[in-house]
Amino acid sequence: MARSLCPGAWLRKPYYLQARFSYVRMKYLFFSWLAVFVGSWIIYVQYSTYTELCRGKDCKKIICDKYKTGVIDGPACNSLCVTETLYFGKCLSTKPNNQAKLGDQGNLSELVNLILTVADGDKDGQVSLGEAKSAWALLQLNEFLLMVILQDKEHTPKLMGFCGDLYVMESVEYTSLYGISLPWVIELFIPSGFRRSMDQLFTPSWPRKAKIAIGLLEFVEDVFHGPYGNFLMCDTSAKNLGYNDKYDLKMVDMRKIVPETNLKELIKDRHCKSDLDCVYGTDCRTSCDQSTMKCTSEVIQPNLAKACQLLKDYLLRGAPSEIREELEKQLYSCIALKVTANQMEMEHSLILNNLKTLLWKKISYTNDS
């Protein structure tokens, strides 16, 4: 009897549920489509940038055309353009060219002689016009200049040859300090925090990490107030460091290592509102003078402090218990170094030598080192 009073009531709820289900389904499909569209657009933009800047065949054609017409020359030209035993492999960077100036370097006459020696690719005692043009193009690049200056140092990749503004370095087996190499498409969707945690799982054994770390400390010594001036490391990220099969550190990318004199010219008098405006690369920071609203020229953190910041988690993870406390103490003392501190150079040398001694003592008699 009650049912006959409201004959349509039992139909209303199913209609309501069906309408609600349709709305949720449409909402789900809309956001799924939107996610696919945005993801596809990001991948397209990244791929377009990658293919535009990593054009191996086009670069080779341009270089070889110039070589064959005598515009450029160099020891790598024959292998690249005639015998074709030199070829482009993996594209390691999609960054556009980086330029540098010689600036006011110490021992400038010695540096010029060193550059002329490298420019003489065929070692005939003379620098041809083609070789001179190639050398001049290469000297606009930070990395090439630094490789010439540090060519006898253990942790700088050896310069194998050049042709025009193309230069060839020795191969480095492992092209990142730690981590696993993933396709760039996958990299887009991995959160940076999770990526850092995951990377720390893919590292060599601790004695081998200690040996690699010692190599980085030695490289910091190489670029600190050397015979051709002081160089600043302005991007000390793990992707710029590598190592060979003997676990000797090798610099993979040195384009953001710049002469101190150049950096001061680049950053001084730059307009600023806060210290965040006074940054070159990712790691070279100066302060903002609030009275003039311009950047000062003195870098706040020395290379050693930035290297220790990078090595902190790398070395403390899996460190032997008997040295962990002392190692942590020394690393934090190192990170706290400031360029403006009194007796900074003395502190710099003391901390660097203490760290190297601590690590060497622990790994000297291990097979892994």
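**Cores, hairpin and helix H13**

Mentor: Strand E1 (residues 159-163) and strand E2 (residues 166-169) pair in the antiparallel sense over four bridges, where pairing requires that DSSP finds at least two bridges, and strands (E, at least two residues) and helices (H or I, at least four) are DSSP runs numbered from the N terminus. This is a predicted model, in which local features need pLDDT of at least 70 and side-chain atom pairs count only at pLDDT 80 or more, while totals for chains, interfaces and linings use all residues. Residues are numbered from 1 along each chain as its sequence is written, and side-chain values use heavy atoms, leaving out hydrogens and water.

Trainee: Which residue takes a positive phi in the hairpin of E1 and E2?

Mentor: The hairpin has two residues between its strands. The residue with a positive phi, near 65°, is Gly164.

Trainee: Which helix gives the most residues to the largest nonpolar core?

Mentor: A nonpolar core is a set of buried Ala, Val, Leu, Ile, Met, Phe, Trp, Tyr and Cys residues joined through side-chain atoms within 4.5 Å, buried meaning under 20% relative accessible area with a 1.4 Å probe, protein chains only. The largest one has 61 residues, and Trp206 and Phe219 are among those with the most contacts inside it. With 10 residues, the helix that gives the most to this core is H10 (residues 206-223).

Trainee: Which helices are included in what covers the buried residues of H13?

Mentor: Helix H13 (residues 321-335) has 15 residues, and its buried residues include Leu327 and Cys334. The cover, counted by contact (heavy atoms within 4.5 Å), includes H10, H12 (303-316) and H14 (344-363).

Definitions and conventions
Buried < 20%, exposed > 50% of the residue type's maximum accessible area, 1.4 Å probe, protein only. Expected span 1.5 Å × (residues − 1).
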